[in-house]
Amino acid sequence: MENYDVCVIGAGYGGATVAALLARAGLKVALVEKTARAGGKTQTTERKGYKFEMFGAVGIPAHNSRFHELVDTLGIADQAPFIVPEGNAASVRYKSPEGEWRTMYAPLVPTGDPREMEELKRVYGVDDDDLAALGELYEAVLSLDEQQLEALDDVGMLEWMGQFSLPAALQSQICMNLNTLFVVSVSRLAASEAILTMRDQVMGGAGRYHIGGYGRVAECCADYVTEHGGLYLTKQRVRRIIVEQGRAVGVETDAGDIRARAVISNAGIQPTVLALTGREHFDADYIARIESLEPSWSIAGFRYVLDKRIFDAALIPIFSDQSWLDDERFAAMEEGVWPDVPLIAIDVPSEFDPGLSDIPGHQLANCQMFCSADPGSPMGEEAIRRGEAVIDELWPELKNHILRKEPYGAKQISSMSRDSVLPGCGGEAVGLAQVVGQVGKSKPAARTPLPGLYIVGCDAGGRGAGTHQAVDSGFNVAAMVEADLGVG
Ligand SMILES: Cc1cc2nc3c(=O)[nH]c(=O)nc-3n(C[C@H](O)[C@H](O)[C@H](O)COP(=O)(O)OP(=O)(O)OC[C@H]3O[C@@H](n4cnc5c(N)ncnc54)[C@H](O)[C@@H]3O)c2cc1C
């Protein structure tokens, strides 16, 4: 049995970040990952001749992100260079109320070019007054101070947006963007979280990618741990967190026990508390709170390898005014009543980094639809069926160029990231839902009531969209653990 300062369970972006930062601070770190690679839900894998994103692949914000801070702090920027495509790398496909498909090409980082406004008018059928209302909304997004934002922890985004009286098409565009970023209902998405990320998008754009694969930065963080005297185990599941005299003191794995002064879990707050540690180590109120937490929704989709370039952009959202999701619309879908166009987000990693495929001209794409986080739900299969029909309508030649097609959904996401320990949970795409009652002061603390046990990743300790939140949490939890262990 070896002794470490810190044992981190899971090398998703939260776990990999905190492990590397604590190794940098001079602590002896063990990082234990159950899959073959670091990156968690944004893991990059390799197949014959090409690299492949398992799930997510787009960083928001593109510039000035916590990822930039991370690679600069660790001095690893040259190992995982970032790329943000120039030009019109996004192509929006909007189905108008008249049933006409309209396409708008746009840059990933806003340029302020007046032609972008003209395009909004053409595609969404809006006028100058409508754009003025949109301008007012963005003015508020950029100008709210910290106190005003904190008050919006308790306000749903749809309600907050109501004051700007946007026309349906512009409301649809904002709501579909927020659904895609947070994978929750826009009626309960906390306005504070939405506004902070919209601010990030305005200032830094959307669409950072990492050369070699989006998971590359997590892999570099894991390597950083071993290069700084630590241990990085892959294909090694933590079975149990060891508790002695009311304190977390290590973990149990098939390869043996690892003892540590602090245990930091990236395995999800519910699996960590309810399964890995055990209810008996917490009081009844805390257990009730953990059981009541709501996960984000999941994503079902398919990854394509295509033998030619079919998609003409790196990011392609597809939607109509009926596609964006609040609680009512999502509940209807669960009951089998779907919109004319299910909300679809296509990422095309090979448009960011053509080097992902050894064979020039091949295209790698990921088509994503929204569904329940329950790994046993049939909703993902229906989402895939309906999404595929829309993609077939828009790109009829695609079906003749498929080299490989891999469907996935909540079940696969759960097996690659967190266990399902409560009904309806496990396959969540993001982590804890960033809804009213679960953000800001109401978010579970990263420091659990069990001394020595911390949570990192999208369930505690951070803010932002997806991986950005996980890395933010990694920074914040590293500072917390350093302080608790008396480092520095
Ligand atoms: C289809 C899809 C698309 C997405 N698109 C994007 C996107 O474009 N941009 C973006 O920013 N975000 C995206 N996201 C969300 C983003 O991937 C997640 O929010 C983020 O990666 C979560 O990071 P995390 O650190 O909280 O945990 P996870 O990524 O869930 O990592 C947890 C890690 O812990 C490991 N683990 C769990 N239990 C154990 C155990 N017992 N022992 C050892 N190891 C264990 C897991 O194997 C995993 O590596 C997407 C998610 C999905 C599913």
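Axes here are lines fitted to C-alpha atoms, for helices over the stretch in contact, and angles run from 0 to 180 degrees between N-to-C directions. Helices (H or I, at least four residues) and strands (E, at least two) are DSSP runs, numbered from the N terminus. The model is predicted: local features need pLDDT of at least 70, side-chain atom pairs count only at pLDDT 80 or more, and totals for chains, interfaces and linings use all residues. Residues are numbered from 1 along each chain as its sequence is written, and side-chain values use heavy atoms, with hydrogens and water left out.

**Exercise 1. Describe how α1 packs on α2, giving the angle and the distance between axes.**

Step 1. Helix α1 covers residues 13–24, and its axis lies 10 Å from that of α2 at an angle of about 30°.

Step 2. Angles under 35 degrees count as roughly parallel, over 145 as roughly antiparallel, 65 to 115 as roughly perpendicular and the rest as oblique. The pair α1 and α2 is therefore roughly parallel.

Step 3. A crossing is left-handed if the near helix is turned anticlockwise from the far one by less than a right angle, and right-handed if clockwise. The crossing of α1 and α2 is left-handed.

Step 4. Contact means heavy atoms within 4.5 Å. On the α1 side the contact residues are Tyr13, Thr17, Ala20, Leu21 and Arg24; on the α2 side they are Phe67, Leu70, Thr73 and Leu74.

Step 5. Sorted by class, this contact of α1 with α2 has 6 nonpolar, 2 polar and 1 charged residues. In this sorting Ala, Val, Leu, Ile, Met, Phe, Trp, Tyr, Cys and Pro count as nonpolar, Asp, Glu, Lys and Arg as charged, and the others, Gly among them, as polar.

**Exercise 2. Treat the pair α2 and α16 in the same manner, starting from the angle at which their axes cross.**

Step 1. Helix α2 spans residues 66–74 and helix α16 spans residues 467–484; their axes come within 9 Å and cross at roughly 45°.

Step 2. The two helices α2 and α16 are therefore oblique to each other, and their crossing is left-handed.

Step 3. From α2, the residues Arg66, Phe67, Glu69, Leu70 and Thr73 meet Thr467, His468, Val471, Asp472, Phe475 and Asn476 from α16.

Step 4. The contact of α2 with α16 is made up of 4 nonpolar, 4 polar and 3 charged residues.

**Exercise 3. Work out the handedness of the crossing of α3 and α4, and list the residues that meet.**

Step 1. Helix α3 (residues 114–124) and helix α4 (residues 128–143) have axes that come within 10 Å and cross at roughly 115°.

Step 2. The crossing of α3 and α4 is right-handed.

Step 3. Met117, Leu120 and Lys121 of α3 meet Asp128, Leu131 and Leu134 of α4. This contact of α3 with α4 holds 4 nonpolar, no polar and 2 charged residues.

**Exercise 4. Examine the backbone in the loop between β4 and α2, at Pro61 and at Asn64.**

Step 1. Pro61 lies in the loop that runs between β4 (50–53) and α2. The peptide bond from Ile60 to Pro61 is cis, with omega near 0°.

Step 2. Asn64 also lies between β4 and α2. Its phi is positive, about 50°, although Asn64 is not a glycine.

Step 3. Buried means under 20% relative accessible area, exposed over 50%, and partly exposed in between (1.4 Å probe, protein chains only). Asn64 has 66% relative accessibility and therefore counts as exposed.

**Exercise 5. Is Ser165 buried or exposed?**

Step 1. Ser165 is in the loop between α6 (157–161) and α7 (168–182). Ser165 has a positive phi of about 45° and is not a glycine.

Step 2. With 59% relative accessibility, Ser165 counts as exposed.

**Exercise 6. Place Ile211 and Arg188 in their loops and name the residues they touch.**

Step 1. Ile211 lies between β8 (209–210) and α9 (216–227), and its relative accessible area of 32% makes Ile211 partly exposed.

Step 2. Leaving out residues up to four places away in sequence, Ile211 touches Pro81, Ile83, Arg216 and Asp353. The C-alpha atoms of Ile211 and Phe82 are 6.1 Å apart, with their positions 129 residues apart along the chain.

Step 3. Arg188 is in the loop between α7 and α8 (191–204) and is partly exposed, at 31% relative accessible area. With residues up to four places away in sequence not counted, Arg188 touches Glu294, Asp327, Gln434, Val435 and Val436.
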